[in-house]
Amino acid sequence: MKRLCTILFLVVMMMLGSILPNPLAGGRKPKNPYRHVEPDAIPTPSSAALERTVPNTPDRIRMSLSEERAVDMSEVSESIRTTDNNKSIAAGNTDSPGTDKPLSGRVICIDPGHQSVMILKKVPVAPGESRTVWDFSIGTRGAATGIYEYTVALKVAKKLRTTLEELGARVVLTRERDDEPVGNVERAEIANDAKADAFIRIHCDGSDIPEARGISVLYPGDRYIDDIDMLEKSTVLSEVLLEEVVKATGAKSRGLVERNDQAAFNYCKVPCTLIEMGFLTNPEEDRLLNSESYQEKLVQGMVNGITRYFSETE
């Protein structure tokens, strides 16, 4: 009987051991090396890794790398082109070698007279001289329109630049805005630094006599300038410019005027001239000078005079 009980006890203990956890395993379940990972546990790249901030772009704070590259390439293709000698130049400012445009290879500096900013500053009338003149002035104003000379001069200058560039010239403007303060000496230095073939100064006239009208052209005198070649070329440039502008506009010619008192002439080292396109103090001429059609005539006359000057001085 005792033996039977012992056998039954052993059988029961064996059955219990098969279903109870192993005490040596510490009650822990072994890890499954192939367990499923939840999606939110997988790290994803941040938006900063896909995009980068482009500084100094107010209207486009952030852009993707692909967008930025596309914009850069389009801007480059539109704004510059490269010559055979790998020198980058502003598109439209000059032509590639070998072109047969009438002004190819020419550098022309255009000086729209005056500006809206007045600086009280005097400079020697010529290098090394004790006599001084004002370096800045506002200019005259339209009797009928109220538009200032500096505005008219800049509009005509930009139209002239466009046409000269179409003919192959490289054009330099002494100012691009009405509120850009550029003194008379600096204007001459801009033309000198550009090694301009011609320096064209654009102005409007004014008078206490409302009936005064017509076009005159000023050229440098020899009181302070001893460069004979520059003086002779300036005279020729002034003569043909006056003739062609009067022909194109039908305006009255007031002739050529020699000037020794203008710093922009006396500091200049290249052929130069100054055209007074008409009187803003004359209501009729004021309206003409501010009309698109008359400005186009003025520009065409200047272009004809400039191309004629180069043909006559070659």
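**Close-up views of a predicted model**

**View 1. Helix 4 has the span expected for its number of residues.** Helix 4 contains 18 residues, which at 1.5 Å a residue should span 26 Å; the C-alpha atoms at its ends are 26 Å apart, so expectation and model agree. The structure shown here and in the other views is a predicted model. Helix 4 covers residues 149–166. Of its 18 residues, 13 are buried, and the helix is thus mostly covered. Gly168, which follows helix 4, has a positive phi, near 100 degrees.

**View 2. Leu154 is a buried residue of helix 4.** Is Leu154 buried or exposed? Its relative accessible area is 7%; because buried means under 20%, Leu154 counts as buried. Which residues does Leu154 touch, leaving aside those up to four places away in sequence? They are Pro112, Leu173, Arg175, Glu176, Arg177 and Asp178. One of these contacts, Leu173, is 19 residues from Leu154 in sequence, and the two C-alpha atoms are 9.3 Å apart in space.

**View 3. Helix 9 also has a span that agrees with expectation.** Helix 9 runs over residues 292–313. Its 22 residues, at 1.5 Å each, should span 32 Å, and the distance between its end C-alpha atoms is 32 Å, so the two values agree. The buried residues of helix 9 are Tyr294, Gln295, Leu298, Val299, Gly301, Met302, Val303, Gly305, Ile306, Tyr309 and Phe310. In an α-helix there are 3.6 residues a turn, so residues three or four places apart point the same way.

**View 4. The largest pocket is lined by 22 residues.** This pocket has a volume of about 370 Å³. Which residues of the lining lie nearest its centre? These are His114, Trp134, Ser137, Asn184 and Arg201. The elements that give two or more residues to the lining are strand 7 (132–134), helix 5 (184–193), strand 9 (198–205), helix 7 (263–266) and strand 12 (272–279). By class, the lining consists of seven nonpolar, eight polar and seven charged residues.

**View 5. The second largest pocket holds about 170 Å³ of space.** Its lining is formed by Pro127, Glu189, Asn192, Tyr224, Ile225, Asp226, Asp227, Met230, Asn266, Tyr267, Cys268 and Lys269. How many residues of this lining are nonpolar, polar and charged? Six are nonpolar, two are polar and four are charged.

Key: Residues numbered from 1 in each chain as written. Predicted model: local features only at pLDDT ≥ 70, side-chain atom pairs only at ≥ 80, totals over all residues. Heavy atoms only, no water. 1 Å grid on protein atoms, 1.4 Å probe; cavity = no way out; pocket = protein on both sides within 12 Å on 5 of 7 lines; lining within 4 Å. Points joined across faces, edges and corners; volume = space filled by probe spheres on them. Helix = DSSP H or I, 4+ residues; strand = E, 2+ residues; numbered from the N terminus. Nonpolar A, V, L, I, M, F, W, Y, C, P; charged D, E, K, R; others polar. Buried < 20%, exposed > 50% of the residue type's maximum accessible area, 1.4 Å probe, protein only. Contact = heavy atoms within 4.5 Å. Expected span 1.5 Å × (residues − 1).
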